[in-house]
Amino acid sequence: MNPLLLILVPLAGALWAALWPDNRTRPWLLPVVGLAHVTLCGWLFIRPPEFSPDAWFAFDPLARAVLPAVSLLFFVCAIYSVFYLHIRAERNNRVFVALLLAVLGLLSAGHQSRHLGMLWITTEAITLATVPLLHFNATPRAFEATWKYLLVGGTGIALSLLGSFCLGYASLHGGGVGNLTFTALAAQGVELSRPWVLTAWVLVLVGYGTKMGLAPMHTWKPDTYGEAPGLVGALLAGAVTTVAFTAILRVRFVVAAAGQGRIADLTLLAVGLFSMLVAALFLLGTRNYKRMLAYSSVEHMGILAVAASLGGAGAAAGLFHVWSNALTKGALFMSAGNIRRAAGSASMDDVRGMMKLTPRSAALFVTGLFAITACPPFSPFFSELLVLRAALAAHHWAATAIFLICLLLVFFGMTRVVFGVVDGRPRPGTVANSRRFVETAGVIAPPLLLLGLSLWIGLFTPPLLRDAWSAAVAQLFPAP
Amino acid sequence: MNGTVNLVIGLAMGLNLLALGSSRLPTLIRAMSLQGVVLGVMPLLIEHERLNWQILAVAVATMAGKGVLIPSLLQRAMRAANIDREMEPFIGFVPSLLLGAGGTIGAVALAQELPLLPEHAGSLLVPGAMASMLTGFILLIGRAKAISQVCGYLILENGIYLFGLLLIHSTPLLVESGILLDLTVGVFVIGIIVDRIQRAFDSLDTRKLTTLHE
């Protein structure tokens with residue numbers, strides 16, 4: 001089985017969607033291609049293919065450890081989108097459907113990129129392909145959010161290009177012959193020019209960190225997640241950020257091979273804790289429940305950065321957390337999207353009593369809240385526990401304390417908003433608006449499914465999945 | 001050969017200062033497009049001993065994209081928006097110029113200290129890249145109109161492109177063309193969003209984009 005199919009099938013699907021004439025039936029292409037992708041991905045997961053170390057794209061252990069999560073999340077979002085686009089039948093969905101499928105293909109390419117240049121090209125292409133998805137609602141607010149996404153994201157991605165050039169120059173300076181695959185770069189080891197490697201690391205961390213949404217480069221996130229359709233938010237928070245995270249992991253691997261692993265880990269730890277702190281403080285103040293999800297995403301990206309800084313055990317916990325975050329956040333974005341559609345506003349000043357108007361979505365939203373704030377027995381509890389154990393094992397006492405305090409503040413901040421929205425008596429305006437929204441099985445089953453998966457992975461983590469994470473860690477943290 | 005390359009980069013650095021000091025939008029767009037053409041010539045000058053059709057294609061694509069396509073897109077947006085041609089700066093023109101000039105001198109000084117390969121040591125490539133990036137950032141932060149911010153973003157990209165020329169021998173051309181394609185499409189997407197913002201807000205003043213906040 002050729003892993004390039006994971007890239008080519010969705011891209012072909014995108015072309016198919018662009019040519020499909022009927023607006024009503026076109027969204028069904030999403031679950032069809034999504035199912036094909038999940039099947040392919042599952043097949044490759046169980047029987048990982050051989051690959052050459054010089055390959056530009058390959059289903060390597062790191063891709064195997066995270067790409068199935070992206071594929072699953074996309075498939076569930078695709079089912080949801082059929083019903084979402086049915087509600088929004090008045091809008092032409094040609095561009096929306098085609099670009100969603102293109103994003104899936106590019107995400108597969110990004111996760112499988114083993115070449116510095118190709119990784120940048122695919123990440124930039126993902127950024128550009130998501131732009132029209134953000135302003136699907138075509139409101140002035142959506143265009144404002146898109147503008148900020150483009151300008152902040154564009155500058156970030158430009159800096160990561162500069163960082164990639166610096167890493168390339170470090171290789172050239174150390175006598176490299178222009179092979180920019182991560183394997184070849186790491187093989188140069190300490191011959192890589194130290195000043196250029198460090199410059200490259202800072203620029204890459206800022207650049208891909210912007211894409212991930214690490215503070216203080218997270219400013220596009222609340223605006224974008226606040227205005228984009230729920231399922232687009234789910235994909236951005238669970239899948240697009242993951243590409244940036246694996247990019248940082250791959251570059252860290254080269255930086256560590258050059259003997260600068262300690263500096264890389266310290267910066268990752270600092271940026272990660274700072275992101276958690278910023279997210280926690282903003283969560284105590286925000287009054288918009290979609291922006292709340294954005295800050296929660298900043299927090300979880302911070303957790304990933306902290307995990308990546310803690311060596312092999314931490315990175316394994318981080319890969320686990322990629323799954324926890326993708327599945328749980330997906331459920332939250334979809335249930336919040338339902339509530340937003342029924343209530344007509346995303347501000348807790350206008351919305352309350354949604355437990356009475358949309359009881360199923362509200363119940364999912366509350367369950368998702370407990371899951372994402374690491375209440376057992378959902379998977380974020382277990383993955384964050386593993387991160388904490390790795391932090392304690394590395395004797396990072398202060399970092400552990402900050403980590404725990406941030407989790408507590410986040411819990412306060414998020415419960416304040418969520419219960420403000422679901423509790424109480426609904427306003428008359430909200431009641432009238434909510435009559436136009438029916439909680440069909442199509443918009444309830446997908447988030448329920450994701451929460452179920454989150455529960456399953458937390459309680460009964462399949463041994464095969466654990467093996468995949470260990471294999472990825474072995475790839476990224478080779479024994480000295 | 002190095003002399004010609006340095007002369008051309010010097011020209012690009014001069015255009016940076018023109019972009020910083022101009023108070024009128026059309027001048028800014030012209031400075032940026034001229035810089036794009038100048039950059040397009042660069043691969044031909046650097047690789048003049050090893051010219052092949054691929055390098056020629058990259059050069060022509062850069063010149064067409066950065067020199068013609070994107071500027072005309074911006075000019076169309078400017079006319080469609082019917083905005084006044086004066087730019088409203090957050091950072092005044094004289095301070096921007098001083099910052100830019102100081103930054104250029106600093107970039108030349110800093111490049112002396114950087115560990116460069118012997119063949120790049122006497123070249124203005126690295127200082128030129130740093131000066132253009134700084135200019136881009138000043139324009140991005142210091143101007144209110146969406147179009148001038150786009151110009152700033154492009155000049156920032158030009159700086160990164162200059163830096164990328166250090167690697168022209170060693171990166172496969174497929175990668176380079178991919179990067180170039182992405183950048184061009186990126187600006188195209190920005191152009192479309194500028195157009196939509198103009199329709200939605202009836203203005204291209206980014207100071208009006210303040211609905212979204214805590």
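Visitor: How much of chain A counts as buried?
Guide: In this predicted model, 67% of the 480 residues of chain A count as buried.

Visitor: And what is chain A built from, helices or strands?
Guide: Chain A has 19 helices and zero strands.

Visitor: What radius of gyration does chain A have, and what would a compact globule have?
Guide: Chain A has 21 Å, and a compact globule with 480 residues would have a value near 23 Å, so the two agree. Along the principal axes, the C-alpha atoms fill a box of roughly 70 × 55 × 40 Å.

Visitor: What about contacts between residues at least 6 apart in the sequence of chain A?
Guide: Of those contacts, 83% join residues at least 24 apart.

Visitor: What share of the accessible surface of chain A belongs to carbon and sulfur atoms?
Guide: That share is 70%, out of about 15,700 Å².

Visitor: Now the inside. Which residues touch the most other members of the largest nonpolar core?
Guide: They are A:Trp147, A:Tyr289 and B:Met42, in a core of 244 residues. Helix 10 of chain A, residues 230-283, gives the largest share of this core, with 27 residues.

Visitor: What is B:Met42 in contact with, leaving aside neighbours within four places in sequence?
Guide: Its contacts are B:Val5, B:Val8, B:Ile9, B:Leu125, B:Leu162 and B:Leu165.

Visitor: Since we are in chain B, what pLDDT does it average?
Guide: Chain B averages 83, and 96% of its residues score at least 70. Among its elements, helix 6 (residues 125-142) has the highest mean, 92, while helix 8 (residues 173-201) has the lowest, 75.

Visitor: Back to chain A. Where are the cis peptide bonds?
Guide: One joins A:Ala215 and A:Pro216, with omega about 0°. A:Pro216 is in the loop between helix 8 and helix 9 of chain A. Another joins A:Pro376 and A:Pro377, with omega about 5°. A:Pro377 lies in the loop between helix 14 and helix 15 of chain A.

Visitor: Why point those out?
Guide: Most peptide bonds are trans, and most residues other than glycine have a negative phi.

Visitor: Which residue between helix 5 and helix 6 of chain A has a positive phi?
Guide: A:Ala138 does, at about 55°, although it is not a glycine. The residue sits in the loop between those helices.

Visitor: What about the phi of A:His395?
Guide: A:His395 also has a positive phi, near 60°. This residue is in the loop between helix 15 and helix 16 of chain A.

Visitor: How accessible are A:Ala138 and A:His395?
Guide: A:Ala138 has 35% relative accessibility, so it counts as partly exposed. A:His395 has a relative accessible area of 54% and is exposed, because the cut-off for exposed is over 50%.

Definitions and conventions. Residues numbered from 1 in each chain as written. Chains lettered and ligands numbered in written order. Predicted model: local features only at pLDDT ≥ 70, side-chain atom pairs only at ≥ 80, totals over all residues. Heavy atoms only, no water. Core = buried A, V, L, I, M, F, W, Y, C linked by side-chain atoms within 4.5 Å. Buried < 20%, exposed > 50% of the residue type's maximum accessible area, 1.4 Å probe, protein only. Helix = DSSP H or I, 4+ residues; strand = E, 2+ residues; numbered from the N terminus. Contact = heavy atoms within 4.5 Å. pLDDT = per-residue confidence, 0-100. Rg over C-alpha atoms; globule rule 2.2 N^0.38 Å. Areas by Shrake-Rupley, 256 points an atom, 1.4 Å probe, with all protein chains shown as cover.
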